[in-house]
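The following note is offered to a colleague who wishes to read this model closely. It proceeds by numbered points.

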Amino acid sequence: MIDNKDVDVVIVGTPDHWHCLQMVAACQARKDVYCEKPLGNSIEECNIMIRAAEKYNRVVQVGQWQRSDSHWQDAMQFVHSGQLGKIRTVRVFSYQGWCPSIPVQSDEAVPAGVDYDMWLGPAPKRPFNKNRFHFTFRWFWDYAGGLMTDWGVHLLDYALYGMNVTAPESIMASGGKFGYPDDACETPDLLQTIYTFKDFTVMWDHAIGIDDGAYGRNHGLGFVGENETLVLDRGGWEVIPEKVNGVQRMEAVPLSQSYGEGGLNLHVKNHLECIKTRNRNCNASVEIGAHIAKFSQLGNIAYRTGKKLSWDGKSFHDSEADKYLTKEYRAPWELPRI
């Protein structure tokens, strides 16, 4: 495919640990890219992917399709209007009851037709196990980052978008395998992460096997302001007024539901239009995708080290935490040098 001159656009929809190599190879072959989220599986991979898109002048759209969804944009306009008052915290949550526990299974022979060595690619060599293969690869550190990177890049992205911020001053996280302590997953089934900025926090909260998140929803965001709270998910957004001593500070805004063609359709249209006009500033550009993928990685690193970490955009200045900035690649695969 890379060698085929008739192929103009490559869609990268493989497990996360393959994204960087495939996206960079496509850019080097002068092909534009639609890369599924999360963009990369480590902070350094994300940095490399930004450099590749810039160096080869490629139009890259990341699969964070909510960036093209109309009601999400409307909600951001309301947040940016200032009507919520001083926002002290943003609650971001993903409670996914449909995610089942994964029972421990024995290793087995590689299924017929599967090039398992190629599937592993740069990941560590391991015997074949169904748990580590299609879909459920998400719950193993070799290939992905659990619910934090799977859903976090969608939802935390809008927390940062709404607050117009980038890097936090500190990150701390707590959680574990509390719901299913004896199953096969490596990533936590429950996790809370607090990102502290100068005068507010962003709080991430996830659980698998449970649907009861905040505000009667199983996923979404709550921009908690002194006047009112804006609640947003894939179904729509509404504003809940703050009441103090029985006095309502603002008028409520009723639920405004999703409308139009839908985020995914609009996302693909945006990418195709950007390809035609050679505009690299897609709705979910490589820079946007890299930023939120790295932000989600910060939460996982805080969890895995058990430390409250400071971050300057490049380093934690903590030897244990900094080891997680780059993934070691299995030979003969090498981290691209761009």
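1. How many residues does the hairpin that joins E8 to E9 pass through? The hairpin between E8 and E9 passes through 2 residues. The model is a predicted one. The two strands run antiparallel and are joined by 4 bridges, and in one of the facing pairs Leu221 has Leu232 of E9 as its bridge partner.

2. On its other pairing, E9 is linked to strand E10 (residues 236–241) by 6 bridges, again with the strands antiparallel. E9 and E10 also form a hairpin, with 2 residues between them. Here Leu230 is matched with Val239, its bridge partner in E10.

3. Strand E9 (residues 228–233) deserves separate comment. Because 6 of its 6 residues are buried, the strand is largely enclosed by the rest of the structure. Glu228, Leu230 and Leu232 point one way from E9, whereas Thr229, Val231 and Asp233 point the other way. The buried set therefore includes Glu228 and Asp233 as well as Leu230, Val231 and Leu232, under a criterion of less than 20% relative accessible area.

4. These strands belong to an open sheet of 9 strands with mixed pairing, in the order E13-E10-E9-E8-E4-E7-E6-E5-E14. Strand E13 (253–257) and strand E14 (309–310) are its edges, each pairing on one side only. Within the sheet, strand E4 (residues 87–96) and strand E7 (residues 201–208) run parallel and are joined by 8 bridges. Tyr95 stands opposite Ala207 of E7.

5. Two helices may be described against this sheet. Helix H6 (residues 152–163) lies across E4, strand E6 (190–196), E7 and strand E8 (219–225), and runs at about 20° to E8. Helix H8 also packs on the sheet, where it touches strand E5 (170–176), E6 and E14. The direction of H8 makes about 60° with that of E5.

6. Val79, in helix H3 (residues 70–80), is a useful residue to inspect in the viewer. Its relative accessibility is 6%, so Val79 counts as buried. Leaving aside neighbours within four places in sequence, Val79 is in contact with Leu84, Ile87, Gly162, Phe223 and Leu230. Phe223 is 144 residues from Val79 along the chain, yet their C-alpha atoms are separated by 7.8 Å. Leu230, another of the contacts of Val79, is one of the buried residues of E9.

7. Is helix H1 (residues 19–28) largely enclosed or largely open? It is largely enclosed by the rest of the structure, because 7 of its 10 residues are buried. The buried residues of H1 are His19, Cys20, Leu21, Met23, Val24, Ala26 and Cys27. Their cover includes strand E1 (9–12), strand E2 (32–35), helix H2 (43–55), strand E3 (60–62) and H8. Just after H1, Arg30 takes a positive phi of about 65°.

8. Three of the elements that cover H1 also form a sheet of their own. This open sheet of 3 strands has the order E1-E2-E3 and parallel pairing. E1 and E3 are the edge strands, each pairing on one side only. Neighbouring strands in this sheet are turned by 10° against each other on average, direction ignored. E2 and E3 pair over 3 bridges, with Val33 set against its bridge partner Val60 in E3.

9. The largest pocket has a volume of about 370 Å³. Its lining is made up of 20 residues, and those nearest the centre are Trp141, Asp142, Arg304, Lys327 and Glu328. By class, the lining has 8 nonpolar, 6 polar and 6 charged residues. Helix H8 (residues 286–305) gives the most to this lining, with 4 residues. H8 thus appears in three settings: on the sheet, in the cover of H1 and in the lining of the largest pocket.

10. The second largest pocket holds about 260 Å³ of space. It is lined by 16 residues, of which Glu36, Lys37, Arg138, Asp150 and His154 lie nearest its centre. The lining has 5 nonpolar, 5 polar and 6 charged residues.

How values were computed
Residues numbered from 1 in each chain as written. Predicted model: local features only at pLDDT ≥ 70, side-chain atom pairs only at ≥ 80, totals over all residues. Heavy atoms only, no water. 1 Å grid on protein atoms, 1.4 Å probe; cavity = no way out; pocket = protein on both sides within 12 Å on 5 of 7 lines; lining within 4 Å. Points joined across faces, edges and corners; volume = space filled by probe spheres on them. Nonpolar A, V, L, I, M, F, W, Y, C, P; charged D, E, K, R; others polar. Pairing = 2+ DSSP bridges. Contact = heavy atoms within 4.5 Å. Axes fitted to C-alpha atoms, helices over the stretch in contact; angles between N-to-C directions. Buried < 20%, exposed > 50% of the residue type's maximum accessible area, 1.4 Å probe, protein only.
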